[in-house]
Amino acid sequence: MIPPAPSPIDLHTHSRRSDGVLEPTDLVRAAAERGVTTFALTDHDTLAGYREVVAAGAVPVGVTLVPGVEINALVTRDLGLWEGELHILGFGLDPDDEAFEAALAIQREQRRVRFERTVDRLRELGLGIDAQIEMLARDGNDALGRPTIARALIAAGHATSVEDAFRRLLGHGCPAYVPRLGLGPVEAIAAIRAAGGLPALAHFSEAPARLDVVRELVAAGLGGLEVYYRSFDVVTVEAVAEVATTLGLTPTGGSDYHGDTGTYAEAHAGLWVPPEVGSRLLGQIAPGFGVP
Ligand SMILES: [Zn+2]
Ligand SMILES: [Zn+2]
């Protein structure tokens, strides 16, 4: 889709505190340089990046930084979903909520276990990446994910791109695929609510066809739906927007920038999240959070 203007909003991004490539402060600065005024860091299972940017006084002038998180929730019932997962974003959470931090610490531990099992599986397949992983770990990644493994595979010459690594080795059903452990979507929604946050369902293009799934999550406390996702086409955006309206969900939107396929500026060039999405979200979250 061709944005009518540079998007002033980006509510879905990943830094090196999970599986992105940029330091949190560099990512926020890159967004500010592209004209983003309402921005959320939504690292997997951690608010560390948000806390760092705030503690360093590195929120750029004119930018509202929203505390955010993404929890890749495990769906144990067979609903025919991609990889058996639903991704739940949380916005405006209390960054110092101890119960939430404890829940995220367990998620991160389970992520680490899955990560190590995947590396073991690759070694059994004759695709050792220990040296590359050690290098990445020294670089400060602390919530390691499959994109990290994919980058190590590329560095070791075992894959040509992140996409190639997922298609042949790491994706659901592939030889080095290891199932995830951790919170389910209902538990993730409850944990985000308990920390004062607004839970939103991420990049669920199936929403119009799977109203049953979305309704079930609404009953569990879901409050938002990611409508303006960077890779959705216009027809999908309209259809998902209609779901949000029908179910009374707050629309959100973002680039889901990780950094594997280009710079933040390149990702941002393909993103459009209307300004009213930012103001509506800010109206929903607790005052004091999300304000520099
Ligand atoms: Zn996701
Ligand atoms: Zn994401």
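## Sheet, domains and buried turns in a predicted model

Modeller: Leu 201 of β5 stands opposite Leu 225 in β6. This is a predicted model.

Biologist: Through which helix does the chain cross from β5 to β6?

Modeller: β5 and β6 (residues 224-229) pair in the parallel sense, over 2 bridges. The chain makes a right-handed β-α-β crossover between them. The helix on that path covers residues 211-219 and is α8.

Biologist: In what sense do β4 and β5 pair?

Modeller: β4 takes in residues 85-91. Leu 89 stands opposite Ala 200 in β5. There are 4 bridges between β4 and β5, and the sense is antiparallel.

Biologist: Which residues of β5 point the other way from Leu 198 and Ala 200?

Modeller: Strand β5 covers residues 198-201. Its residues point in two directions, and all are buried. Leu 198 and Ala 200 take one side; on the other are Pro 199 and Leu 201.

Biologist: What is the strand order of the open sheet?

Modeller: The sheet has 7 strands with mixed pairing. Its edge strands are β1 (9-10) and β7 (250-254), each pairing on one side only. The order is β1-β2-β3-β4-β5-β6-β7.

Biologist: Which residue in β2 stands opposite Asp 10?

Modeller: β1 and β2 (residues 38-41) run parallel. They are joined by 2 bridges. Opposite Asp 10 stands Phe 39.

Biologist: How many residues of β7 are buried?

Modeller: β7 is an edge strand that pairs on one side only. It is nonetheless mostly covered. Of its 5 residues, the buried ones number 4.

Biologist: How many bridges join β6 to β7?

Modeller: The two strands run parallel. Glu 226 stands opposite Thr 252 in β7. The chain gets from β6 to β7 through α9 (residues 234-247), in a right-handed β-α-β crossover. The number of bridges is 5.

Biologist: His 203 has a positive phi. Is His 203 buried or exposed?

Modeller: Its phi is near 30 degrees, and it is a residue other than glycine. It lies in the loop between β5 and α8. A residue needs 20 or more other C-beta atoms within 10 Å to be buried. His 203 has 20 such neighbours, so it counts as buried.

Biologist: How many other C-beta atoms lie within 10 Å of Asp 256?

Modeller: Asp 256 is in the loop between β7 and α10 (264-269). Its phi is also positive, near 55 degrees. It is buried because the count of other C-beta atoms within 10 Å is 23.

Biologist: Why is α5 largely enclosed by the rest of the structure?

Modeller: Helix α5 runs over residues 146-155. Among its buried residues are Arg 146, Ile 149, Arg 151 and Leu 153. They pack against α3, α4 (130-138) and α6 (162-170). The helix is largely enclosed because its buried residues are 8 of 10.

Biologist: Which residue with positive phi follows α5?

Modeller: Its phi is near 80 degrees. The residue is Gly 157.

Biologist: How far apart in space are Arg 108 and Asp 45?

Modeller: Arg 108 lies in helix α3 (residues 98-124). With 19 other C-beta atoms within 10 Å, it is partly exposed. Asp 45 is 63 residues away in sequence. In space, C-alpha to C-alpha, the separation is 6.2 Å.

Biologist: How many charged residues has the side of domain 1 that touches domain 2?

Modeller: Domain 1 is 9-94 + 184-284 and domain 2 is 108-170. The contact takes 10 residues from each domain. On the domain 1 side, no nonpolar residue takes part, and 4 are polar. The charged residues number 6.

Biologist: What distance separates the centres of domain 1 and domain 2?

Modeller: The centres are taken over C-alpha atoms. The separation is 25 Å.

Biologist: What is the radius of gyration of the protein chain?

Modeller: The C-alpha trace spans about 50 × 45 × 40 Å along its principal axes. For 292 residues, a compact globule would have a radius near 19 Å. The chain agrees with that, at 18 Å.

Biologist: What share of the contacts with a separation of 6 or more comes from residues 24 or more positions apart?

Modeller: The chain has 11 helices and 7 strands. Of its 292 residues, 46% count as buried. The share of those contacts is 76%.

Definitions and conventions: Residues are numbered from 1 along each chain as its sequence is written. Chains are lettered from A and ligands numbered from 1 in the order in which they are written. This is a predicted model: local features need pLDDT of at least 70, side-chain atom pairs count only at pLDDT 80 or more; totals for chains, interfaces and linings use all residues. A residue is buried if 20 or more other C-beta atoms lie within 10 Å of its own, exposed if 12 or fewer, and partly exposed in between; C-beta atoms are placed from the backbone. Two strands pair if DSSP finds at least two bridges between them. A crossover is right-handed if, with the strands pointing away from the viewer, the path from the first strand over the helix to the second runs clockwise. Domain bounds come from an automatic or database domain assignment. Two residues are in contact if their C-beta atoms, placed from the backbone, lie within 7 Å. Ala, Val, Leu, Ile, Met, Phe, Trp, Tyr, Cys and Pro count as nonpolar, Asp, Glu, Lys and Arg as charged, and the others, Gly among them, as polar. The radius of gyration is taken over C-alpha atoms; the globule rule is 2.2 Å times the number of residues to the power 0.38.
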